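Let's take a walk through this model together. Have the coordinates open and follow along.

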Amino acid sequence: MTETRPPSPNSLAALGWSKGFEDQVTPDETALAPMRIATVHRSRVTAFSPSGAVKLNLPAHASTTDFAVGDWVLVDPETDTVSRRLERKSLLRRRTEGTRAPQLIAANIDTLFIVTSCNADFNPARLERYLALANEAGTTPVILLTKADMAKDAASYQSRAAALQRGLAVVTLNAKDPEAATALAPWCAPGQTVALVGSSGVGKSTLLNTLAAKDDAAAQPTSGIREDDAKGRHTTTSRSLHAVKGGGLAIDTPGMRSLHVSDVGAGLDTLFAEIAELAPECRFRDCTHAHEPGCAVQAAVAAGTLDPGRLERWRKLDTENRVNTPVATGPRGNKTIKKTRHKR
Ligand SMILES: Nc1nc2c(ncn2[C@@H]2O[C@H](COP(=O)(O)OP(=O)(O)OP(=O)(O)O)[C@@H](O)[C@H]2O)c(=O)[nH]1
Ligand SMILES: [Zn+2]
């Protein structure tokens with residue numbers, strides 16, 4: 001695969017560097033070079049510096065899985081060895097099946113483009129999972145509905161997507177059309193970083209090609225690097241940072257087969273604001289809105305002001321989140337596992 005090249009004009013700001021990162025550099029670290037992680041493979045990590053792409057050496061105690069595409073690191077310019085990673089302003093991660101350690105998807109992203117198509121791929125429950133992750137990660141979600149050119153009823157997909165979360169931006173587009181880049185320009189300004197997520201085949205690679213800046217050498221290879229996973233299946237495991245039109249950066253992620261949630265309590269409250277707002281009116285503080293007397297949420301369903309499908313999907317995600325969230329994650333984790341009932 002052709003190595004990715006940094007955007008031009010090459011500067012730290014063009015790579016997304018900002019005051020929040022600058023402030024983390026201590027006086028005895030000024031000789032180190034800030035670089036942004038561009039690719040993370042099983043045994044290899046590369047980064048962009050203003051002067052080009054660099055293959056990094058990791059310190060003895062570090063593993064490639066400690067790094068996410070989009071991370072900022074301070075690097076010894078003599079040896080290309082990572083000295084340390086800077087604190088992230090946002091981190092998108094997901095729980096993988098059979099393991100407690102979450103997988104890092106992308107770091108320091110401003111906007112999450114959640115890509116789906118105006119066809120059978122459109123699935124409110126799956127979109128809500130992505131929205132919960134985006135909210136929790138500290139990024140702004142935007143839903144992109146591709147293949148609008150092949151759909152008779154693109155407008156209905158648009159309105160169903162917009163109903164998933166208050167204030168949610170939804171863009172309907174043809175990923176192959178250059179006009180798509182214009183529609184997405186508000187999130188692709190210089191120094192801004194977006195990440196694209198969504199199922200396989202929805203058009204993420206196509207869209208990235210349409211968005212790609214002319215000088216991004218990584219624009220063409222839509223297949224990515226394929227590696228065998230533990231079960232012998234071929235999966236796209238590469239993620240990479242690309243320069244896009246308008247001066248921003250985009251992180252490509254491979255299609256995800258499963259998407260489990262953990263540690264997304266606050267993300268769920270943002271996503272299901274209409275339920276979160278009613279909860280304080282329930283008789284029991286830890287009401288599950290299922291069968292309890294005096295439940296304001298059930299009352300809203302009965303009155304026809306709350307979609308019962310939303311409540312059903314909230315319950316499923318909330319239960320999964322409680323099961324998957326470790327106890328020792330601070331006040332929120334402790335609160336969610338509380339078993340005893342408290343009358344107000
Ligand atoms: N007509 C039309 N075709 C599209 C659109 N978006 C994607 N396609 C086509 O759909 C197919 C799949 O698109 P990809 O870009 O490979 O999908 P992907 O999301 O990158 O898939 P993975 O790499 O497996 O994660 C390709 O044949 C695209 O040309 C669109 O908006 N309109
Ligand atoms: Zn209730």
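What follows goes from the overall layout to a couple of helices and an annotated site, and then to confidence.

This is a predicted model, with an ipTM of 0.94 and a pTM of 0.85. The protein chain has 344 residues, and 38% of them count as buried. Its secondary structure adds up to ten helices and 15 strands. If you look at contacts between residues at least 6 apart in sequence, 65% of them link residues at least 24 apart.

The domain assignment splits the chain into domain 1 (13–85), domain 2 (91–252) and domain 3 (265–336). Measuring tape aside, the centres of domain 1 and domain 3, taken over C-alpha atoms, sit 41 Å from each other.

Start with helix 5, residues 204–211. How many of its eight residues are buried? Six are, so to speak, under cover, and the helix is mostly covered. The buried ones are Lys204, Ser205, Leu207, Leu208, Thr210 and Leu211. As for what they pack against, the list takes in strand 8 (111–117), strand 9 (140–146), strand 11 (193–197), strand 14 (240–243) and strand 15 (249–252), plus helix 4 (179–184).

Now to the annotated site. An unreviewed UniProt entry marks Cys282, Cys287, His289 and Cys295 with the annotation "binding site". Cys282 lies in the loop between helix 7 (273–278) and helix 8 (296–302), and His289 is found in the loop between helix 7 and helix 8 too. Are these two buried or exposed? Cys282 counts as buried because it has 20 C-beta neighbours inside 10 Å, and 20 is the number at which a residue is called buried. His289 is buried as well, with 22 other C-beta atoms within 10 Å.

Setting aside residues up to four places away in sequence, Cys282 touches Cys287, His289, Glu292, Gly294, Cys295, Ala296 and Val297. With neighbours within four places left out, His289 is in contact with Cys282, Cys295, Val297, Gln298 and Leu311. So the contacts of Cys282 include the other three annotated residues, Cys287, His289 and Cys295.

Leu311 leads us on to helix 9, where it is one of the buried residues, along with Trp314, Leu317, Asp318 and Asn321. Why can these be said to line one face of the helix? Viewed down the axis of helix 9, the buried residues fall within an arc of 135 degrees, so they line one face. The face turned away from that buried side carries the exposed residues Pro308, Gly309, Glu312, Thr319 and Val323. Among the elements covering the buried residues of helix 9 are helix 2 (124–137), helix 6 (265–271), helix 7 and helix 8. The length of helix 9 checks out too: at 1.5 Å a residue, its 17 residues (308–324) should span 24 Å, and the end C-alpha atoms are 24 Å apart, which agrees.

Finally, confidence. The protein chain averages a pLDDT of 85, and 83% of the residues score at least 70. Two stretches are worth flagging, and the table gives their pLDDT and their contacts beyond near neighbours in sequence.

| Stretch | pLDDT | Contacts in the model |
|---|---|---|
| Residues 217–237 | under 50 | 30 contacts |
| Residues 329–344 | below 50 | 22 contacts |

Where pLDDT is low, the predicted coordinates shouldn't be read in detail.

Note on methods:
Residues numbered from 1 in each chain as written. Chains lettered and ligands numbered in written order. Predicted model: local features only at pLDDT ≥ 70, side-chain atom pairs only at ≥ 80, totals over all residues. Domains from an automatic or database assignment. Buried ≥ 20, exposed ≤ 12 C-beta atoms within 10 Å, placed from the backbone. Helix = DSSP H or I, 4+ residues; strand = E, 2+ residues; numbered from the N terminus. Contact = placed C-beta atoms within 7 Å. UniProt positions renumbered as here; feature names shortened; annotations may be inferred. Expected span 1.5 Å × (residues − 1). Arc of directions from axis to C-beta. pLDDT = per-residue confidence, 0-100.
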